[in-house]
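Open the model in your viewer and keep the sequence panel visible. The stops below go from the whole chain to single side chains.

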Amino acid sequence: YDSSHFYYWSAIIKAIMVAVVAYSNIIIAGGGVIGNSISYYLAKHHSVSCTIIDPVGIAPAASGKAGGFLARDWSDGTPIQDLQRRSFDLHAEQAEHLGADKIDYRRLECLAVACSDDEGE
């Protein structure tokens, strides 16, 4: 392994990033669900050019690995009920606009089962 190759490619990648950043109105740090959502809505509603930077990639951690499991009614009866429901609806809206197949969006029916360690319950 020749370390000079690493420095060569690092310099090229840095130059490309500088060029990309120079043509963007906004730089977003983080390629997870929050960073991607911010970029999406800035572009859609305000025609703002964004560049997302992430040291690993797009949806590299919980956003891409946890399956993106959401439930519309998990927060019902709490102060964040309206926020939870709006977030759920926005995911469906994005899937419709971008194409559910392209973003791996799918609706599933789920069932929650309560369990107890007590034998009498």
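How much area does the protein chain expose, and what share of it do carbon and sulfur atoms supply? The protein chain exposes about 9,700 Å², and carbon and sulfur atoms supply 59% of that area; accessible areas come from the Shrake-Rupley method with a 1.4 Å probe, and for residues only the protein chains shown count as cover.

This is a predicted model, in which local features need pLDDT of at least 70, side-chain atom pairs count only at pLDDT 80 or more, and totals for chains, interfaces and linings use all residues. Residues are numbered from 1 along each chain as its sequence is written, and side-chain values use heavy atoms, with hydrogens and water left out.

Select the whole chain and switch to cartoon. The protein chain has 4 helices and 2 strands, in the sequence pattern α-β-α-β-α-α. These elements are DSSP runs (helices: H or I, at least four residues; strands: E, at least two), numbered from the N terminus.

Colour by accessibility next. Of the 121 residues, 13% count as buried (under 20% relative accessible area; exposed is over 50%, partly exposed in between; 1.4 Å probe, protein chains only).

Now select Y40 and Y41. Both are buried. The whole structure holds 1 aromatic pair: Y40 and Y41, edge-to-face, 4.7 Å centre to centre with 85° between the planes. Rings of Phe, Tyr and Trp (its six-membered ring) pair if their centres lie within 6.5 Å; planes under 30 degrees apart count as stacked, over 60 as edge-to-face and the rest as tilted.

Finally, select S75, in the loop between helix 3 (62–65) and helix 4 (81–98). S75 counts as buried because its relative accessibility is 10%.
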